[in-house]
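Work through these exercises with the sequence and the model side by side. Each task is followed by its solution.

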Amino acid sequence: MIIAFASHLVCSGSTRATISSHISALRSSCIDAGMSLVAFSDPRIPRLLSGIGREGPPPRPPRPTRLPISGLLLARLLDSTPSSTPFGRSLRAGLALGFFGLLRAGEFCFKGAPYGVLLRRHLSWFPSHVSVLLIHSKTDRNHRGVSVRMFRSFTRICPVDLLAEVWTAAPIQSDDAPLLQDDRGLPLSYRALLYFIKQQVRAFGMDPDSFGAHSLRIGGASQLAASRFSEAQIQALGRWTSDCYQRYLRLPEECLQQAAASLGSSCSSTYGP
């Protein structure tokens, strides 16, 4: 029956990835119903999926590699964002949250259902840091909420100072108001943040297709790796539940140059200059 179901999906034009997802969902339903899973161990099922992958539409062209927003690029973005308007202050704080907190944009911007909105009551202020309660997080499957602490960096792009900007001068300052607001008091949208990033990197002479809102999270993780933080520390700071974070790391050119010099020196000591 599983093979017949998969074959029907093939005739309907579904891809191998879609069919595999449907089979996984069917298996999950059987687990919930307490049914036997023996049928899913049939070796013909993976062979069928393998055969499906050999035919079908040509593969899509690869997307441009998502580049990180480095600390220097973050500073340029902040300098080009006016702090005289609620929208500008929210953009500045959003950039800091994504980079310093390794947050996903959907965790602090409004992205639509089923994503929530980060509210003012989700912030707790302390002398040395700010605690941000994320009520909707990708890795928080039990929806218990995750607290992320943002400490002072003692620089001109300090995340605590940027959060204080939006906190003290927000158009609506009730507990249930959005933390990041535009000029009308509405929550900062994911599209607005993405549009700003792409427009600015284009103005800086960079390829906008290579940057997105997730470049903030990638940039923060890459900077930690370049600063010799351990893999376990980066995984904990970014709240990754697996080692998938490693594919986001982008070492800066200086690290690659140092690596090349180190490797070259080891060769020179063996074979001469």
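**Exercise 1.** Decide whether Leu-102 is buried or exposed.

*Solution.* This is a predicted model. Step one: take the relative accessibility of Leu-102, which is 3%. Step two: apply the cut-off, since buried means under 20%. Leu-102 therefore counts as buried. Step three: place the residue. Leu-102 sits in the loop between α5 and β1 (123–125). Step four: check the backbone. Its phi is positive, near 50°, in a residue other than glycine.

**Exercise 2.** Find where Arg-228 lies and classify its accessibility.

*Solution.* Start with location: Arg-228 belongs to the loop between α8 (214–226) and α9 (231–237). Its phi is about 70°, positive although the residue is not a glycine. Now accessibility. The value is 75%, and exposed means over 50%. So Arg-228 counts as exposed.

**Exercise 3.** Describe helix α5 and its share in the largest nonpolar core.

*Solution.* First, geometry. α5 covers residues 86–100, 15 in number. From first C-alpha to last it reaches 21 Å, close to the 21 Å expected. Second, burial: 13 of the 15 residues are buried. Third, the core. It holds 39 residues, and Leu-95, Leu-97, Phe-108, Leu-193 and Ile-197 touch the most other members. α5 gives the most to this core, with six residues. Fourth, follow one residue. Beyond its neighbours within four places in sequence, Leu-95 contacts several residues, including Leu-74, Leu-193, Phe-196 and Leu-216. Last, look elsewhere: a second, separate core of 10 residues includes Ala-6, Ile-23, Ile-45 and Ile-52.

Technical notes
Residues numbered from 1 in each chain as written. Predicted model: local features only at pLDDT ≥ 70, side-chain atom pairs only at ≥ 80, totals over all residues. Heavy atoms only, no water. Helix = DSSP H or I, 4+ residues; strand = E, 2+ residues; numbered from the N terminus. Expected span 1.5 Å × (residues − 1). Buried < 20%, exposed > 50% of the residue type's maximum accessible area, 1.4 Å probe, protein only. Core = buried A, V, L, I, M, F, W, Y, C linked by side-chain atoms within 4.5 Å. Contact = heavy atoms within 4.5 Å.
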